[in-house]
Amino acid sequence: MDKFSIATVVLACVLTVCVGQTLSFGRCPTVKVQQQFDINQYMGKWFEERRFFAIFEAGMTCVSAEYTLQDDGSVKVNNTGYRWLTGKYSSAIGDAIVEDPKEPAKLGVRFSPSQPRGDYWVLETDYSQYTVIWSCTQLSRFLNTQFAWVLTRSPEGVSAPTMSRIYDLLKGYGINTKNFSTTEQDRSKCPGR
Ligand SMILES: *[C@@H]1O[C@H](CO)[C@@H](O)[C@H](O)[C@H]1NC(C)=O
Ligand SMILES: *[C@@H]1O[C@H](CO)[C@@H](O)[C@H](O)[C@H]1NC(C)=O
């Protein structure tokens with residue numbers, strides 16, 4: 001690494017990354033997204049079943065996402081989770097857009113107008129049971145930061161064979177599924193559900 005690359009990485013670390021994200025070496029893996037993505041069928045409520053570590057979700061359980069198509073074609077995003085530390089639910093409201101109509105399964109999402117959009121790529125969904133979401137940012141030639149989520153329509157998740165097929169899909173792209181943790185969705189541990 002030359003001096004400039006090192007400085008860039010260090011700066012990226014200071015600004016965002018080292019604090020809250022997990023760094024991986026090398027290039028973002030090459031992935032395929034869902035073909036013929038139908039955003040209408042994708043709208044509505046989803047429950048977070050698996051996630052990679054993300055600082056903005058640290059300590060959050062009972063996480064759900066609600067997607068609503070707006071008149072202008074953008075998607076309102078409402079992510080809600082329970083923090084056991086405060087004993088309260090809190091929501092992050094954002095919006096997602098399809099950035100290139102030729103690639104409808106590649107969305108960009110942000111939770112503040114001043115933020116750049118983060119990738120929200122739908123790798124695979126059947127709309128009625130599960131969706132697999134991928135986000136990878138190349139920080140430098142040598143480092144990337146990765147997020148993955150499996151959301152399900154039911155808080156009970158999906159069958160073991162379906163989950164194992166999802167893991168196989170990700171492993172096929174060289175994504176480390178060991179980085180997944182399971183999100184608590186048990187009704188008895190999600191107050192008010
Ligand atoms: C977000 O979703 C939560 C949980 O369903 C709900 O209580 C809250 O009112 C929603 N917020 C907005 C702005 O839609
Ligand atoms: C995945 O786990 C490995 C081994 O624990 C770790 O080195 C790597 O940084 C993790 N990556 C992500 C994106 O969480």
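Begin by selecting strand S4 (75–83) and strand S5 (88–98) together with ligand 1, since each of these two strands supplies at least two residues of the shell around the ligand. Keep in mind while looking that this is a predicted model.

Next, show the side chains of the residues around ligand 1, which are Lys 76, Asn 78, Thr 80, Ser 91 and Ile 93. The largest share of this shell, 3 residues, comes from S4, and by character the shell residues divide into 1 nonpolar, 3 polar and 1 charged.

With those side chains displayed, turn to the oxygen atoms of ligand 1 and go through the polar contacts one at a time. At Lys 76, an N or O atom of the side chain is 2.8 Å from an oxygen atom of the ligand; at Asn 78, the corresponding distance from a side-chain N or O atom to a ligand oxygen is 2.4 Å; and at Thr 80, a polar side-chain atom lies 3.3 Å from an oxygen atom of ligand 1. Switching to a surface view at this point, you can consider how much of the ligand is covered: on its own, ligand 1 has 370 Å² of accessible area, and the protein covers 45% of that.

For the last stop, leave the ligand and select Phe 53, Ile 55 and Phe 56, which make a nonpolar surface patch of about 310 Å². Within this selection, centre on Phe 56, which is found in the loop between strand S2 (44–51) and strand S3 (60–69). Phe 56 has a relative accessible area of 48% and is therefore classed as partly exposed, a category that runs between 20% and 50%.

Methods. Residues are numbered from 1 along each chain as its sequence is written. Chains are lettered from A and ligands numbered from 1 in the order in which they are written. This is a predicted model: local features need pLDDT of at least 70, side-chain atom pairs count only at pLDDT 80 or more; totals for chains, interfaces and linings use all residues. Side-chain values use heavy atoms; hydrogens and water are left out. A residue is near a molecule or strand if one of its heavy atoms lies within 4 Å of it. A polar contact is a pair of N or O atoms within 3.5 Å; within protein, one must be able to donate a hydrogen and the other to accept it, and residues adjacent in sequence count only if both atoms are side-chain atoms. Accessible areas come from the Shrake-Rupley method with a 1.4 Å probe; for residues, only the protein chains shown count as cover. Helices (H or I, at least four residues) and strands (E, at least two) are DSSP runs, numbered from the N terminus. Ala, Val, Leu, Ile, Met, Phe, Trp, Tyr, Cys and Pro count as nonpolar, Asp, Glu, Lys and Arg as charged, and the others, Gly among them, as polar. Patches are made of residues with over 30% relative accessible area and no salt bridge: like charges are joined within 9 Å, nonpolar side chains (Val, Leu, Ile, Met, Phe, Trp, Tyr) within 5 Å. A salt bridge is a side-chain nitrogen of Lys or Arg within 4 Å of a carboxyl oxygen of Asp or Glu. Buried means under 20% relative accessible area, exposed over 50%, partly exposed in between (1.4 Å probe, protein chains only).
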